[in-house]
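Hi,

Here is the structure I promised to pass on. Have a look at it first, and then read on for my notes.

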Amino acid sequence: MFQLRDEKDMGGCAISGIMSEEGTRFSGADIIRSIAVMHERSNGLGGGFAAYGVYPEHADRYALHIMCDHDRGVEATREYLEATFRIVHDEPIPTRQIEEIRSRPILHRYFAEVRPEIKERFYDETEEDMVVRVVMHVNADIEGAFVMSSGKNMGVFKGVGYPENIGTFFRLDEYEAHTWLAHGRFPTNTTGWWGGAHPFGLLDWAVVHNGEISSYGINRRYLANFGYHCVLRTDTEVIAYLFDLLMRKHGLPLELACKVLAARFWSQIERGDPESRELERTLRIIYGGALLNGPFSVLVGHSGGMIGLNDRTKLRPMCAARSGDMLYIASEEAAIREVCPSPDRVWMAEGGVPIVGKLRHAEATADA
Amino acid sequence: MRKWLVQPDFVVERDPERCIQCQVCVRQCANDVHSYDPEDELVSSDSATCVGCHRCATLCPTGAISIREAELEFHPNANWTAWTIRNIYKQAESGGVLLTGMGNDRPYVNYWDRMVLNASQVTNPSIDPLREPMELVTYLGRKPDQIEFDRSNGGYSVKTELATQLELQIPVMFSAMSYGSISLNASVALARAAAEAGTFANSGEGGLHRDIYPYSKNMIVQVASGRFGVDVEYLNRAAAVEIKIGQGAKPGIGGHLPAQKVDRAVSETRMIPEGTDALSPAPHHDIYSIEDLRQLIFAIKEVTHYEKPVSVKISAVHNVAAIASGCVRAGADIVAMDGLLGGTGAAPTMIRNNVGIPIAVALAAVDSRLREEGIRNRASLVVAGGFRSSADIVKAIALGADAVYIGTGALVAMGCHLCQKCYTGKCNWGIATQDPYLTKRLNPDVATRRLGNLLRGWALEIKEMLGGMGINAIESLRGNREHLRGVGLSESELEVLGIKPAGVGA
Amino acid sequence: MKTDSAKYVIIGNSTAAIGCIEGIRSVDPDRSVILVAKEPCHTYSRPLISYFLAGEIDAERMHYRPRDFYDANRVDARLGLAATRVDPEQKIVETTNGSLHFEKLLIASGGRPFVPDIPGIEASGVFTFTSWNDATVIGEYIEGNRAKRAVVVGGGLIGIKAAEALRARGLDVLVVELAGRLLPLALDAEGSRMAEESLRAAGVELECSTTVNRVLTEDGCVSGVLQGNDRTASCNLVIVAAGVVPATGLVAGSGIGVDKGILIDEGCRTSVEGIFAAGDVAQGCDALSGESRPIPIFPNAYHQGRVAGVNMAGGDASTNGTFSMNSVEVFGLPTVSVGLATASGDGYEELVHDDEASGTYRRVVLRGDRIVGALFVGDIDRAGIFTGLMRQGIDISSFKDLLLTEEFGLISLPEEYRKHVVMGEAIEV
Amino acid sequence: MKRIYAREEYCLGCRLCEINCLVKRSKSRKIIKAFRKERDSIVPGIQVEEGERVSFALQCRHCVDAPCIEACITGAMHRDSESGAIVCDEERCVGCWSCIMVCPAGAVRRGRERRVASKCDLCMGESTPVCVEGCPNEALIYEDR
């Protein structure tokens with residue numbers, strides 16, 4: 001496994017997301033330009049991207065992006081993966097050699113399906129549960145190996161460096177996706193390391209975020225009740241797990257999940273109508289441990305689209321814009337104007353109110 | 001009785017330059033320390049019976065009285081201190097058990113003083129509670145792991161039937177202090193203050209006096225081994241019911257309210273004959289095992305139609321984590337734990353000073369244990385035992401407590417001077433006594449106001465500390481040990497507490 | 001002859017009259033009030049004349065109410081104008097100068113000093129002592145005649161106050177009392193004894209059980225008196241202090257009911273509609289003895305006056321039980337005597353506390369479970385508590401034993417009455 | 001009008017009210033000096049009465065129909081037009097003690113230094129009477145009922 005520091009990541013960051021709600025796929029060139037505009041918000045210690053709809057040919061297989069310190073890690077990982085998965089195809093993740101990016105780890109990707117017999121043995125688990133278990137094991141227990149992403153038809157590309165360089169390095173201009181997330185990192189207390197770069201990915205969740213979660217300590221312990229082990233000690237990881245817990249495991253619709261993560265103040269809840277009052281009150285009472293406190297603006301990608309969410313007191317910047325079926329969300333308006341000079345509408349995100357991009361024909365794109 | 005070896009604990013000094021012979025001190029001392037000689041027209045003091053409660057010094061209009069610890073020094077001896085020697089003298093004369101009141105006064109490590117809190121700098125903003133909302137509202141009671149809901153015309157409606165919760169405006173409650181051990185005026189003040197502050201007071205095992213009824217929506221009533229004052233009406237009148245298994249000051253020990261404290265009102269409230277000792281057995285004689293506890297919990301839930309949260313109060317002992325877990329699995333909605341420094345109206349000194357473990361470690365162990373077992377949501381944790389300030393409370397919540405019980409702090413707010421003589425029934429401050437001449441010294445209006453002020457002050461401080469940490473809702477601090485760091489603690493202590501040492505970053 | 005008229009007409013300018021004005025104005029702020037009084041001066045306090053004669057207070061302090069009293073209360077005060085007759089039929093008061101028509105009338109003409117008919121009584125140097133004028137002329141006479149020795153006829157309230165004043169002026173004084181002891185009406189035997197002691201200690205001579213049969217004169221001026229016991233005492237000043245009688249002259253034949261004084265009910269109404277009487281001229285019912293008799297005391301006068309005033313103005317007030325009470329200092333010895341303080345014998349129970357050492361003497365007279373009389377000599381503090389108990393007719397059986405103890409106080413009283421007094425905002429008395 | 005009310009159920013019988021009143025009435029206004037030099041010449045306007053279990057502080061009730069005013073032979077005893085308090089004008093009082101004779105509360109005393117009636121004047125001028133201010137148990141309250 002990577003040498004995981006038992007130190008929590010914190011710092012300022014730049015985030016940007018672009019999606020076509022129609023599911024039209026487009027090159028990564030735009031997102032690279034967009035994030036590059038916010039160069040000053042990063043410090044070269046980490047950058048990364050998440051792309052959705054990039055593997056149409058493997059649309060219904062788990063695309064596992066792995067980074068390894070050394071070949072032994074690659075072997076160990078393959079060995080371990082094969083116990084659960086049938087690996088349909090695997091290859092090194094293509095990269096360009098550019099001088100800004102140095103001491104790169106081994107980068108490899110697998111396209112895999114969960115073996116039927118495994119599904120039978122662990123009949124009480126969903127397929128996703130199995131994937132999560134495997135990812136957690138690799139990250140926690142296989143020395144020198146780390147899973148960057150594990151969703152279907154999506155992938156996370158990240159590393160140490162300025163995001164625009166990472167983008168070039170991973171040749172993202174050559175990929176096409178309907179949803180792109182990008183992150184430029186400004187860690188204040190860790191020397192950047194590839195695994196620690198954002199986005200953080202689990203299943204088809206990818207999270208980029210700017211801010212610091214003051215409630216991290218309890219969020220992490222709260223998640224532990226439900227079997228999530230936060231090995232990275234990044235807020236991003238916690239946010240991803242919370243979304244996974246609330247939406248996938250507890251089946252909360254996005255808006256309720258957001259009412260948990262960025263709950264309204266009791267005083268606001270009191271002012272609501274009886275039904276909403278009871279709903280929000282009950283949510284807060286049950287999910288107090290999941291409340292994200294402190295300043296954050298976060299972008300969450302998933303197979304169904306993209307969500308932008310600000311903390312309930314709006315302590316971090318987040319701007320959004322629409323132009324036709326395109327949705328843009330970024331830390332700064334400039335990052336949007338760079339790729340969409342004259343959008344139909346531009347607005348600032350409201351604290352606690354999610355900005356939702358819904359993919360209209362998710363399945364269509366899947367087998368396109 | 002002639003006590004020829006026992007020397008006074010205190011020396012009362014009267015400054016003749018300032019004493020005006022007004023005799024206020026004479027009228028105020030229930031221990032007859034001060035007396036007036038009409039012949040000499042002179043007020044004088046006899047230190048022998050002084051308990052150091054400062055009543056006289058406090059009311060003296062000229063500040064003529066000062067009270068010092070008796071200077072009579074024994075030959076220096078690290079082991080045989082004056083305290084140990086005096087105790088032996090007392091027992092050699094009385095042949096009895098050493099009695100005392102209030103909490104443990106021995107110099108154990110106080111873990112609240114070995115933990116420090118965090119604050120935001122640069123990387124995230126601290127929040128100003130005077131400008132931004134800052135939420136202390138706390139709900140105590142059983143909570144499900146996840147919500148169930150229906151989609152209804154575009155919106156959602158809750159399907160989950162939430163168990164009754166106690167809503168606290170501030171995560172601080174008044175711990176169990178029975179009417180009998182304290183005066184009715186004190187009881188009323190606690191109940192009123194709780195009602196006014198939107199929190200709860202605990203009846204202790206003294207029953208519920210008629211004068212408390214108006215505030216019973218803010219009362220937690222206790223069912224203790226003596227079952228005093230317990231009947232269906234009593235259980236249903238309250239907001240919640242607490243089964244008292246143990247008390248921090250005297251784990252494993254019962255209670256004893258001496259007959260002279262059982263006057264008419266007390267006897268009516270406790271439902272026992274007037275002028276008889278009120279004895280609480282050490283154990284509940286219908287609880288010899290965890291499954292017995294489960295039966296009592298559900299008996300109470302049945303009687304109260306599953307409308308009242310049931311709390312189980314245990315004293316923090318070595319195996320507290322397992323015991324607490326057992327209580328939760330037995331059906332407790334709240335587990336209250338009372339630690340080594342917990343107070344009492346009367347306890348054997350040696351028990352009080354030597355039995356039980358510090359509440360901080362007990363809390364840390366229990367919170368972690370319940371989370372490991374995935375049952376932390378099933379019950380709220382309330383901790384008690386020596387909470388002295390808002391800082392202690394914030395630290396406890398960060399360790400994992402849902403709320404805190406304060407007893408001694410509340411009494412001090414009402415005027416208690418910690419003389420530790422509660423068991424004598426001669427409380428000069430009108431708190432731990434039933435003597436009408438003394439009880440009227442505590443004007444419930446004044447006491448209620450002082451308690452309210454204390455809670456208000458602490459609430460403000462808690463909000464300031466939360467804001468400093470960049471948190472604006474108490475649930476984001478609860479169990480958030482990232483905001484705690486240890487100072488001067490050993491590796492193993494840090495491990496038990498589940499916190500990092502100061503100096504280690506995020 | 002001219003006839004003025006007013007809503008209210010008041011005869012008299014002393015305590016009762018003032019009480020009446022304040023009573024009227026408490027109900028009726030503006031309707032007209034005319035006051036007639038034969039004394040020409042601004043209202044003054046009669047009990048103060050002895051202090052004036054003694055020189056303890058000046059003329060300014062004689063006044064019972066501030067200078068602007070009449071104006072402030074919108075009263076047309078006709079001072080120095082004597083009322084001569086009351087005509088109930090025509091609602092007219094005739095005066096030495098014209099007559100006044102009234103709707104409501106208060107007769108507060110007070111009392112006149114009783115002067116026994118003995119030879120020489122008309123001699124110069126013989127005075128009564130009930131008015132400011134008396135005090136003034138006595139003072140002048142003392143100065144003018146360098147009077148050295150005086151005889152005071154009567155050992156009652158007025159006599160003692162006169163003696164005190166004269167002593168203060170440096171005269172030798174002999175008090176002659178017909179009864180066997182001093183202050184026979186107010187004090188009992190022991191009380192009198194203590195009072196006599198104090199009197200003598202002040203250098204005043206006292207002779208009881210005797211009277212003055214003749215005033216001896218030298219060319220028209222007093223030179224001495226001949227007493228009933230045939231002893232003569234030389235003196236150059238005689239003050240007759242034999243008590244006062246209601247001054248009912250001006251209602252004679254008017255049809256207004258009169259006995260010793262003008263008869264009034266508890267509303268101070270006379271037998272004639274619209275006509276009221278109060279003070280020393282009136283005769284009401286003694287709440288304690290039940291008999292109808294004049295009670296010529298100061299508080300009573302004000303109280304009756306006020307009650308009359310309120311009723312005249314259409315209010316509804318009544319004298320809640322009047323009975324006699326006196327607070328007299330006999331040459332520095334305070335005494336308070338309330339109600340039937342001297343009563344004894346059948347139907348009465350006497351509680352006595354006599355403390356030679358501290359020089360205090362207390363006597364409480366009970367009838368059944370009620371206090372009907374109380375006498376305090378020496379320590380009079382808190383005597384009022386007893387007056388209150390008497391007024392309220394409180395049953396004292398529960399704390400009877402405590403009545404005369406040192407620690408007696410409101411604390412000893414039944415809780416209800418105690419709270420009423422301690423917490424009371426308006427104690428009805 | 002505002003009056004002082006005693007809540008005997010909370011009276012400690014400590015007599016600080018008497019002490020504070022005495023100091024207020026002293027020339028020095030300094031407690032120690034007042035007691036050393038003036039104690040015997042001052043009559044406090046408030047007195048604590050104490051029994052077995054009950055105690056309370058008593059001062060002039062400032063009656064609506066005040067018998068002391070009716071009985072006063074000089075007009076010295078009068079009601080202050082502003083505060084409504086009944087006060088004795090010491091310049092006019094001659095010490096006839098008629099007020100003492102009629103006060104049902106026994107709340108008027110003979111002055112020691114001067115031969116004048118002495119009673120509670122509600123600490124004319126003070127916002128709160130010193131007895132109320134200094135009562136450690138708020139057994140004395142000053143309010144309009």
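**Domains of chain C**

Chain C is divided into domain 1 (3–112 + 245–312), domain 2 (115–242) and domain 3 (332–423). Please keep in mind as you read that this is a predicted model.

Domains 1 and 2 of chain C have their C-alpha centres 30 Å apart. Where they meet, domain 1 of chain C contributes 11 residues and domain 2 of chain C contributes 14 residues. On the domain 1 side, helix H2 (residues 49–54) of chain C gives the most, with five residues. Sorted by class, that side of domain 1 of chain C has seven nonpolar, two polar and two charged residues.

**Where chain D meets chain C**

This contact takes 34 residues from chain D and 37 residues from chain C. Several elements of chain D each supply at least two residues to its side: strand E1 (2–6), strand E2 (46–50), strand E3 (55–59), helix H3 (67–71), helix H4 (98–102) and strand E6 (109–110). The largest share comes from H4(D), with four residues. As for chemistry, the side of chain D that touches chain C divides into 19 nonpolar, five polar and 10 charged residues.

**Where chain B meets chain A**

Here 37 residues come from chain B and 36 residues from chain A. Which strand gives the most to the side of chain B that touches chain A? That is strand E9 (residues 155–158) of chain B, with four residues. By class, this side of chain B holds 13 nonpolar, 15 polar and nine charged residues.

**One residue to look at: Glu242(B)**

If you have the viewer open, try going to Glu242(B), which is found in strand E14 (residues 240–244) of chain B. Is Glu242(B) buried or exposed? Glu242(B) counts as buried because 27 other C-beta atoms lie within 10 Å, and the cut-off for buried is 20 or more.

What does Glu242(B) touch, leaving aside residues up to four places away in sequence? Its contacts are Asn202(B), Ile220(B), Gln222(B), Ser311(B), Lys313(B) and Ala336(B). Another residue to pick out alongside these is Ser203(B), which is 39 residues from Glu242(B) along the chain, with 9.4 Å between the two C-alpha atoms.

Happy to go through any of this with you over a coffee.

Best wishes

Technical notes:
Residues numbered from 1 in each chain as written. Chains lettered and ligands numbered in written order. Predicted model: local features only at pLDDT ≥ 70, side-chain atom pairs only at ≥ 80, totals over all residues. Contact = placed C-beta atoms within 7 Å. Nonpolar A, V, L, I, M, F, W, Y, C, P; charged D, E, K, R; others polar. Domains from an automatic or database assignment. Buried ≥ 20, exposed ≤ 12 C-beta atoms within 10 Å, placed from the backbone.
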